[in-house]
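Colleague: I would like a close look at one part of this model: the enclosed spaces inside it, and what surrounds them. Please take me through it step by step.

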Amino acid sequence: MSQQSFDIVVFGATSFVGQILSRYLLETVGVDEEVRWAIAGRSEGKLLNLKTDLGMAAENLTILTADAGDEASLRALCEQTRVVISTVGPYALYGEPLVKVCTELGTDYCDLTGEVQWIRQMIETYEDQAKASGARIVHCCGFDSIPSDMGVYFLQQQAKQTFGSTCTQVKMRVRTAKGEFSGGTVASLMNVAKEAASNPALRKELANPFSLCPPKHRSTARQPNVKSAEFDPDFDVWLAPFVMAAINTRIVHRSNALQGATYGREFLYDEAMMTGKGMKGRLAAYGITAAMGGFLVASAVKPTRYVLERFVVPKPGEGPSDDAQKKGFYDLRFIGKTAKGQSIRTKVTGDMDPGYGSTGKMLGQAVLCLALDVSKTDKAGGFWTPSSIFGDHLLERLRAHSGLTFELQEQR
Ligand SMILES: NC(=O)c1ccc[n+]([C@@H]2O[C@H](COP(=O)([O-])OP(=O)(O)OC[C@H]3O[C@@H](n4cnc5c(N)ncnc54)[C@H](OP(=O)(O)O)[C@@H]3O)[C@@H](O)[C@H]2O)c1
């Protein structure tokens with residue numbers, strides 16, 4: 001038994017996704033059984049309401065308070081737990097003090113951020129400290145980027161078993177997905193668009209596919225990037241850009257780098273959305289491209305951003321209903337090719353909406369993996385990605401407890 005009172009603290013438990021996560025943990029591990037955990041946030045009143053909503057089963061759940069901007073309160077929080085999971089976002093606005101404190105104290109940490117520029121700043125500023133203290137920091141444990149990162153990991157394992165070598169190129173295509181955005185996610189996306197509009201250096205950084213790789217990981221390979229409507233001969237469909245590609249591709253390349261370039265130093269990876277065949281698919285691809293461009297431009301410009309925030313997008317704390325989460329799903333297709341021209345197709349599916357129902361279950365299993373499956377001797381302190389730190393442990397958990405499937409479809 002460790003000296004800390006808790007294995008896991010959910011910081012931001014009152015957020016939209018924090019509530020889903022808290023309910024999921026309660027249903028999966030109870031309270032103070034195999035895992036000692038607590039809920040935390042800035043408002044004791046809101047946390048008490050959440051505890052009441054969680055029902056009798058949560059009677060013994062401990063409440064802790066801390067403010068994301070108050071380092072002393074975060075230190076007091078972290079001293080009581082082995083692992084902190086944070087759903088307080090946008091992370092670029094509120095996230096740094098907690099990462100700082102965790103890397104000082106050696107507290108393990110995971111979160112849901114998809115904000116590339118913030119992750120890079122955290123790595124640059126705190127990686128040495130994390131290595132020294134033993135804190136394992138794992139960003140991107142939601143829909144961005146677990147299905148992509150673990151999907152590529154799974155495909156490469158299958159390729160190694162079948163062909164004896166990994167694939168030097170992998171494409172991920174979103175075949176179907178149903179789900180809505182929450183207020184927190186939209187706030188994070190709009191914050192990136194706003195910052196990028198006034199910062200050319202940030203725009204350059206966001207365009208660099210290797211921005212999260214360690215400096216020593218050099219690749220000269222020009223990465224494919226679906227920026228507009230285009231036809232994909234491998235899947236025989238039209239494609240549109242996929243909004244999460246900007247983060248997922250960076251995480252997949254970092255995973256490759258952290259695993260000694262096991263996918264190859266010149267590994268190629270891209271993501272896009274399938275829009276269908278023929279003229280209908282082509283028109284849909286152009287329509288989605290235009291709509292995405294319009295949203296990003298509107299988010300970057302003050303007057304239209306105000307209109308979006310005020311009247312169009314959900315407010316922070318809002319998100320899809322339970323019913324909408326249950327009716328959601330996603331189906332991702334991967335194709336990998338080896339240097340010798342062999343190819344392999346795999347499929348990853350999720351049984352709830354990507355951003356919330358499914359994200360809550362993935363995040364829950366990621367934090368359990370960090371607390372229970374991967375010791376500090378196995379994986380030392382530093383900034384990890386989901387596949388590079390969790391590997392098979394998370395693959396098994398996602399299949400058994402998060403409603404994800406990972407399937408080999410074809411190899412030749
Ligand atoms: N990667 C993915 O797939 C994925 C999916 C979903 C969400 N996300 C990300 O996860 C984050 C949360 O999303 P959400 O929709 O759940 O957000 P949300 O409902 O808007 O919640 C934000 C949370 O931050 C808390 N907070 C704000 N300022 C704070 C402070 N100073 N101290 C302590 N807590 C503070 C709020 O506390 P109060 O409750 O007290 O107001 C609230 O609990 C966002 O950054 C979003 O982009 C990622």
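Modeller: Start with the lining of the largest cavity: Phe11, Ala68, Ser86, Val88, Tyr91, Tyr94, Gly95, Leu98 and Tyr109. Keep in mind that this is a predicted model. By class, that lining has 7 nonpolar residues, 2 polar ones and no charged ones. Ser86 and Gly95 are the polar pair, because Gly is counted with the polar residues here. The volume of this largest cavity is about 40 Å³.

How many cavities of 30 Å³ or more does the structure hold? There are 2. The second largest cavity also needs a look. Its space is about 40 Å³. Its lining is made by Ile119, Ile123, His139, Ile251, Arg254, Phe383, Trp384 and Thr385. Helix H6 (116–133), helix H10 (245–258) and strand E13 each give two or more residues to this lining. Sorted by class, the lining of the second largest cavity has 5 nonpolar residues, 2 polar and 1 charged. The charged one is Arg254, because Arg belongs to the charged class.

Now pick one residue from that wall: Thr385, which lines the second largest cavity. Where does Thr385 sit in the fold? Thr385 lies in the loop between strand E13 (382–384) and helix H15 (386–401). Is Thr385 buried or exposed? Its relative accessible area is 1%, so Thr385 counts as buried, the cut-off being under 20%.

Next, the side chain of Thr385. It makes a polar contact of 2.7 Å with the side chain of Ser255. A polar contact of 2.6 Å links the side chain of Thr385 to that of Ser388. Leaving out residues up to four places away in sequence, Thr385 touches Val138, Asp149, Ile251, Arg254, Ser255 and Leu258. Two of these names, Ile251 and Arg254, also appear in the lining of the second largest cavity.

One more buried residue, for a second view. Gln223 is in the loop between helix H9 (200–206) and strand E8 (230–232). Gln223 has a relative accessibility of 13%, so this residue is buried as well. A polar atom of the Gln223 side chain lies 2.9 Å from the backbone nitrogen of Tyr269. Tyr269 is also among the residues that Gln223 touches, with residues up to four places away in sequence not counted. The others in that set are Pro209, Phe210, His253, Phe267 and Leu268.

Terms used:
Residues numbered from 1 in each chain as written. Predicted model: local features only at pLDDT ≥ 70, side-chain atom pairs only at ≥ 80, totals over all residues. Heavy atoms only, no water. Helix = DSSP H or I, 4+ residues; strand = E, 2+ residues; numbered from the N terminus. Buried < 20%, exposed > 50% of the residue type's maximum accessible area, 1.4 Å probe, protein only. Polar contact = N/O pair within 3.5 Å; in protein donor to acceptor, adjacent residues only side chain to side chain. Contact = heavy atoms within 4.5 Å. 1 Å grid on protein atoms, 1.4 Å probe; cavity = no way out; pocket = protein on both sides within 12 Å on 5 of 7 lines; lining within 4 Å. Points joined across faces, edges and corners; volume = space filled by probe spheres on them.
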